[in-house]
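This report concerns the fold, the nonpolar core and the pockets of one protein chain. Please read it beside the sequence and the model.

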Amino acid sequence: YQLKFLFILFLTTSSLLLFSSCNKDEESTDQTTKVKGTYTGTYIESTGGSSVSVEDVETVVTKESATKIKVNMQVIPGLAGVVFTADMTDETHFTVPQFTLNDDDLKGSGSLENDNTLKIDLEKVNSAGDKITFEGERK
C-alpha cells in the first residue's frame with residue numbers, strides 16, 4: 001500500500017513539473033515582444049519607375065501568436081491601408097508570406113533596428129521592380 005502511494009505521488013509530481021515547464025517554454029519563446037508597438041514613418045509605393053510617398057503613416061504591430069505578428073499600415077486613415085500577417089524568424093526579423101492587396105500579390109520581409117526603427121519591404125510578385133516600403137520610428 002505504501003509503495004502504491006509513493007508511485008502515485010511520483011506520477012503527480014512528475015506531471016506537475018512537466019506541465020509547468022511547458023508553460024515556461026511557451027512564454028520564453030515569444031518572439032514578438034520587441035517588435036510589437038506603434039510606429040510612425042514613411043510609406044513608399046513604387047510602380048513602373050515612378051513612386052508615391054506618404055509621410056506620417058501610422059503602423060501598428062500586434063501579436064497574433066508567439067511567432068506571428070499582424071501589421072496594420074494606415075496609409076490614409078479610414079480609406080487606404082495595408083494589413084498583413086508575418087512570421088517572426090527571430091526577435092527582430094520577420095518574413096511576410098504572399099498575400100493579396102488590390103489584385104496585387106505581395107510578399108517580403110521586415111526588421112526592427114536599434115529597438116526603435118521598423119523597416120518593411122514588400123515586393124509585388126506579378127510585377128518585377130514594383131514594391132512597397134515602410135520605415136518608421138517607435139512612438
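The text below treats the barrel, then the core, then the pocket, and lastly two single residues.

The model is predicted, with local features needing pLDDT of at least 70 and side-chain atom pairs counting only at pLDDT 80 or more, while totals for chains, interfaces and linings use all residues. Residues are numbered from 1 along each chain as its sequence is written, and side-chain values use heavy atoms, with hydrogens and water left out.

**Barrel.** Eight strands form a closed barrel in the order β1-β2-β3-β4-β5-β6-β7-β8, with antiparallel pairing, and the twist from one strand to the next averages 25°. Strands here are DSSP runs of E with at least two residues, numbered from the N terminus, and two of them pair if DSSP finds at least two bridges between them; the angles run from 0 to 180 degrees between the N-to-C directions of lines fitted to C-alpha atoms. β1 and β8 pair in the antiparallel sense over eight bridges, and Ser46 has Lys131 of β8 as its bridge partner.

**Core.** The largest nonpolar core, a set of buried Ala, Val, Leu, Ile, Met, Phe, Trp, Tyr and Cys residues joined through side-chain atoms within 4.5 Å, has 24 residues, and those touching the most other members are Val35, Met73, Val82, Phe84, Phe94, Ile120 and Leu122. Each of the strands β1 (37–47) to β8 (131–138) supplies at least two residues of this core. Ile120 has contacts (heavy atoms within 4.5 Å) that include Met73, Phe84, Phe94 and Phe134, leaving aside residues up to four places away in sequence.

**Pocket.** The largest pocket holds about 170 Å³ of space, and among its 13 lining residues Tyr43, Glu45, Val82, Leu101 and Asn102 are the closest to its centre. β4 gives the largest share of the lining, three residues.

**Two residues.** Burial is judged by relative accessible area with a 1.4 Å probe on protein chains only: buried is under 20%, exposed is over 50%, and partly exposed lies in between.

| Residue | Strand | Relative accessible area | C-alpha separation |
|---|---|---|---|
| Ser65 | β2 | 29%, partly exposed | 9.4 Å to Asp87 |
| Ile69 | β3 | 0%, buried | 7.9 Å to Lys36 |

Along the chain, Ser65 and Asp87 are 22 residues apart, whereas Ile69 and Lys36 are 33 residues apart. Beyond residues up to four places away in sequence, Ile69 touches several residues, including Val35, Val61, Phe84, Met88 and Phe94.

Technical notes. Helices (H or I, at least four residues) and strands (E, at least two) are DSSP runs, numbered from the N terminus. On a 1 Å grid over the protein atoms alone, a cavity is a set of points where a 1.4 Å probe fits but cannot get out, and a pocket is an open set with protein on both sides within 12 Å along at least five of seven lines; lining residues have an atom within 4 Å of a point. Grid points are joined across faces, edges and corners, and a volume is the space filled by probe spheres set on the points.
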